[in-house]
Amino acid sequence: MTTPPYRIRPAEPGDVAFLADVSLTATRAQGRLPADFDEADWRGGFEEWSLESIDDPTTDLSVIELDGRRVGRLRISRTPESVELNGIQLHPDAQNRGIGTAIITELQSEAAARGVPLELHVERDNLDARRLYNRLGFTKTGEDGAEDVMQWDRGGLRLRDGGVGHWPDGGSGPTMRG
């Protein structure tokens, strides 16, 4: 499968409603919203938090675009000790096209080049994300409330054409440049 061309750009204040929409739409499509979910309350808090994240120098909050339209949300933190994938959501219409895999393998390449692990938290009931992370070589390293802490390190890497690529199934894949 060929991954469609996508673009990642920094989020701006005008994106916060979209960021809430895509997170909510992706979660709703997975059937993971609780019966007593208060959308208005959640949306207000999420939009406020997104605005704070835009100004936070310790995190990168981004919009994922496909064919010039916004289709996803990405939040990453980088420290000297790790790269942390704080969140990635794609609109259901943009899922299963290789975009999430491509973004995560780029982050794996970055982490490998820096010699640090790539870390994330994933809700235990988010089966789609868990399958993706397992396929990409993440392992559970702990628990935090309703989430599992997962980590990937360069143990599953091999070099190809001078780039770093991660192919846990032993197959060929795109070369990722760091």
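Leu120 in strand E5 is the bridge partner of Leu85, and this pair is a handy place to enter the fold. Helices (H or I, at least four residues) and strands (E, at least two) are DSSP runs, numbered from the N terminus. The model is a predicted one, in which local features need pLDDT of at least 70 and side-chain atom pairs count only at pLDDT 80 or more, while totals for chains, interfaces and linings use all residues. Residues are numbered from 1 along each chain as its sequence is written, and side-chain values use heavy atoms, with hydrogens and water left out.

E4 and E5 pair in the parallel sense over 3 bridges, where two strands pair if DSSP finds at least two bridges between them. Between E4 and E5 the chain passes through helix H3 (residues 99-114), giving a right-handed β-α-β crossover; right-handed here means that, with the strands pointing away from the viewer, the path from the first strand over the helix to the second runs clockwise. The side chains of E5 alternate along the strand: Leu118, Leu120 and Val122 point to one face and are buried, whereas Glu119, His121 and Glu123 point to the other and are not. Buried means under 20% relative accessible area, exposed over 50%, and partly exposed in between (1.4 Å probe, protein chains only).

E5 (residues 118-123) also pairs with strand E7 (residues 147-152), in the antiparallel sense and over 6 bridges. In that pairing, Leu118 stands opposite Trp152 of E7, and Glu119 faces Gln151 of E7. These strands belong to an open sheet of 7 strands with mixed pairing, in the order E1-E2-E3-E4-E5-E7-E6. Its edges are strand E1 (6-10) and strand E6 (139-144), each of which pairs on one side only. On average, neighbouring strands of the sheet are turned by 30° against each other, direction ignored.

Turning to the whole protein chain, there are 4 helices and 9 strands, which follow the pattern β-α-α-β-β-β-α-β-α-β-β-β-β along the sequence. Of the 178 residues in the protein chain, 42% are buried. Contacts (heavy atoms within 4.5 Å) can also be sorted by sequence separation: among those between residues at least 6 apart, 55% join residues at least 24 apart.

Helix H1 offers a good view of how a helix meets this sheet. H1 has 14 residues and reaches 20 Å from its first C-alpha to its last, close to the 20 Å expected at 1.5 Å a residue; the expected span is 1.5 Å times one less than the number of residues. H1 lies across strand E2 (59-66), strand E3 (69-78) and strand E4 (83-90), and runs at about 95° to E3. Such angles run from 0 to 180 degrees between N-to-C directions, with axes as lines fitted to C-alpha atoms, for helices over the stretch in contact. The buried residues of H1 are Val16, Phe18, Leu19, Ala20, Val22, Ser23, Leu24, Ala26 and Thr27, and they pack against helix H2 (39-55), E2, E3 and E4. Gly31, with a positive phi near 70°, follows H1.

Ser23 deserves a closer look within H1 (residues 16-29). Ser23 counts as buried because its relative accessibility is 8%. Leaving aside residues up to four places away in sequence, Ser23 touches Trp42, Phe46 and Gln89.

Two of these contacts lead to the aromatic residues, since ring pairs link Phe37, Trp42, Phe46 and Trp49 into a cluster. The structure holds 4 aromatic pairs. Phe37 and Trp42 form a tilted one, at 6.0 Å centre to centre and 50° between the planes. Rings of Phe, Tyr and Trp (its six-membered ring) pair if their centres lie within 6.5 Å; planes under 30 degrees apart count as stacked, over 60 as edge-to-face and the rest as tilted. Phe37 counts as partly exposed because its relative accessibility is 24%, and Trp42 is likewise partly exposed, at 25%. An edge-to-face pair joins Tyr133 and Phe138, at 5.5 Å centre to centre and 65° between the planes. Tyr133 is buried, with a relative accessible area of 7%, and Phe138 counts as buried at 3%.

Finally, Asp67 sits in the loop between E2 and E3. With a relative accessible area of 68%, Asp67 is exposed. The C-alpha atoms of Asp67 and Pro4 are separated by 8.7 Å, although the two residues are 63 residues apart along the chain.
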